[in-house]
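This report describes selected parts of one structure, from a central core residue out to the strand pairings. The sequence and model are shown here for reference.

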Amino acid sequence: MPSPPPSGRRHKGVWVAATVVGLALAVSAWLTASHFTGATASSAAMGNVDGLRSQTAATDHGAHLGRQAAAGSTPLRAPVNGGIASAKVTPATGTAGVPLSATLTVHTTSGCVTVQVLSVGVRNANNTNLDFPGAAYGKRICTGQVTHVTGTETFAAGTYTMFGYYKLNGVFHNFTRQTLVISSPSPSPSSSSSPSSSPSSSPSPPPPPLPSASAPTWNPGGTYTPILDDEFNGSTIRAGLWETCFNCRPGVTGMSAPVNSLEQACYASANVSEPGDGYLHMDLASRPSTCGSSQPYTGSELDSKWAFSSAGGSFEARIFVPPASGQAAAWPAWWITNTTTGDEIDIVEGLSGRTAAHTHWYAGGQLQSHGCNSAAPDVGWHDFGVSVNTSAGTATFYYDGTLLCQLPYGGTSPLHLAFDNSIGASSVRPSSFPDGMLVDWVRAWSQP
């Protein structure tokens with residue numbers, strides 16, 4: 001899960017906006033296909049808030065813009081210096097698994113206005129927030145057209161509602177809603193199957209471990225230099241490497257606030273354990289907790305903030321993602337982040353039942369966010385990894401050794417490892433508690 005960016009915002013699949021003022025505007029938007037694509041491309045990825053799961057704000061991982069935007073279910077008719085604001089989003093079709101970005105052309109009928117947030121929202125038939133990441137904050141709009149390009153997202157086949165929106169004086173306004181139809185891609189000659197997922201929340205044994213930890217699963221014959229390997233085969237957590245609650249420091253136990261304001265669980269060291277069965281256990285309990293604020297649940301978090309970080313390279317972990325009716329239960333996450341700069345890469349996190357990957361970083365003071373989802377929720381045991389190339393400015397994600405997607409990533413700061421098991425208002429409720437996320441091993445290799 002993401003940690004607080006420089007401005008105090010947090011990522012983790014969502015974003016929160018900065019505060020500014022302005023008037024109403026007219027917006028026209030259209031989607032353009034991105035050149036980033038993956039063999040096992042995803043479905044609809046998470047929306048935007050302050051930054052990423054990261055703590056949200058997208059990270060809010062703060063308050064989810066998308067959810068608030070959803071409140072305006074009718075077309076906006078707001079006066080703009082005596083005129084009427086209108087917006088149009090095109091095209092109305094796309095292909096499942098092919099990343100899209102939204103481009104908004106914005107103008108006012110007269111004068112200038114500064115809006116707090118400007119972006120494009122997407123909802124499925126269940127009104128689930130699937131907004132494009134990379135919203136614009138503090139955007140100044142005048143009569144001349146201004147263009148804003150969002151981050152990329154991928155969508156599963158289906159019919160969606162799409163609309164432009166903006167935030168002004170603390171209130172979200174939606175423009176006219178339109179239909180977006182995502183069709184299934186042409187079948188490929190062959191496809192490889194991924195490990196089957198357990199239908200229940202009881203973990204089944206993972207596949208046999210790799211013969212060695214010398215290379216990631218997506219390139220087993222490659223030449224890599226291992227820089228971290230924890231197989232979790234001991235009877236206690238390595239106190240010199242991991243802290244078991246956010247900013248508690250290694251070896252210190254206690255309770256800490258979640259990194260994302262959208263989370264409804266404090267992190268308790270007591271919910272993290274390495275009992276000697278070969279796994280790291282991270283529990284989410286249906287038990288109220290207090291960590292500066294009162295939360296209805298108690299979750300878990302483990303990270304290497306004080307002992308290990310790397311700016312680039314390859315990172316992979318074998319994780320049991322708890323299922324609930326075939327979806328990802330609660331809000332489990334495996335991510336790498338820098339809590340000082342706000343750079344963050346969510347390798348996998350369960351968002352509203354989906355399993356998604358995201359990148360977040362700041363450029364010119366503006367949050368940049370991109371994301372993709374697996375075609376179906378990858379619950380049960382799976383290998384989740386990413387190759388970070390800071391020179392090329394990319395993060396390439398692999399699930400079970402197969403390419404998921406490649407996303408832009410402009411961060412350059414060292415990133416530490418983090419795991420957590422939490423829950424939010426939009427999470428799929430676990431079928432039972434405690435809801436257990438397991439980690440079989442985690443490994444990292446330096447950038448070639």
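## Core around I319

Apart from neighbours within four places in sequence, I319 makes contact with W334, V348, G380, W381, H382, F384, F419, M437, L438 and V439. The model is a predicted one. I319 belongs to the largest nonpolar core, which has 41 residues. Together with W334, I336, I345 and F419, I319 is among the members that touch the most other members of this core.

There is also a second, separate core of 22 residues. Its members include L100, V122, Y166 and F175.

## Second largest cavity

I319 also has a place in the lining of the second largest cavity, along with V321, P332, A333, W334, V348, E349, G350 and M437. The volume of this cavity is about 40 Å³. Three of the lining residues, W334, V348 and M437, are also contacts of I319.

Which strands each supply at least two residues of the lining? They are β21 (313-321), β24 (331-337) and β25 (344-351). Sorted by class, the lining comprises 7 nonpolar residues, 1 polar and 1 charged.

## Strand β28 and its partners

Strand β28 covers residues 380-389 and is mostly covered, with 8 of its 10 residues buried. On pairing with β21, β28 runs antiparallel over 9 bridges. Within this pair, R318 has D383 of β28 as its bridge partner.

β28 also pairs with strand β29 (residues 394-399), again in the antiparallel sense, over 6 bridges. In that pairing, F384 lies opposite Y399 of β29. The two strands make a hairpin with 4 residues between them. G393, in the turn, has a positive phi of about 70°.

## An open sheet of 8 strands

β24 and β25, which help to line the second largest cavity, are also members of an open sheet of 8 strands. The order is β14-β15-β20-β31-β24-β25-β26-β27, and the pairing is mixed. β14 (255-256) and β27 (366-373) are at the edges; each has a single partner strand, so one side of each has no neighbour in the sheet.

Within this sheet order β15 is followed by β20. Strand β15 (residues 265-268) and strand β20 (residues 297-303) run parallel and are joined by 3 bridges. Here A265 is opposite Y297 of β20.

## L415, before β31

L415 sits in the loop between β30 (402-408) and β31 (416-422). Is L415 buried or exposed? L415 counts as buried because its relative accessibility is 1%, and the cut-off for buried is under 20%.

Leaving out neighbours within four places in sequence, the contacts of L415 are F308, S309, S310, A311, I336, T337, N338, D343, I345 and Y409. Two of these, I336 and I345, are among the residues that touch the most other members of the largest nonpolar core. N338 is 77 residues from L415 in sequence, yet the two C-alpha atoms are 5.0 Å apart in space.

## Pairings of β12

Strand β12 (residues 178-183) pairs with strand β5 (residues 93-95) in the parallel sense, over 3 bridges. The bridge partner of T95 in β12 is S183.

β12 is also joined to strand β10 (residues 158-168) by 5 bridges, and these two run antiparallel. For G158, the bridge partner in β12 is I182.

Technical notes
Residues numbered from 1 in each chain as written. Predicted model: local features only at pLDDT ≥ 70, side-chain atom pairs only at ≥ 80, totals over all residues. Heavy atoms only, no water. Buried < 20%, exposed > 50% of the residue type's maximum accessible area, 1.4 Å probe, protein only. Contact = heavy atoms within 4.5 Å. 1 Å grid on protein atoms, 1.4 Å probe; cavity = no way out; pocket = protein on both sides within 12 Å on 5 of 7 lines; lining within 4 Å. Points joined across faces, edges and corners; volume = space filled by probe spheres on them. Nonpolar A, V, L, I, M, F, W, Y, C, P; charged D, E, K, R; others polar. Core = buried A, V, L, I, M, F, W, Y, C linked by side-chain atoms within 4.5 Å. Pairing = 2+ DSSP bridges.
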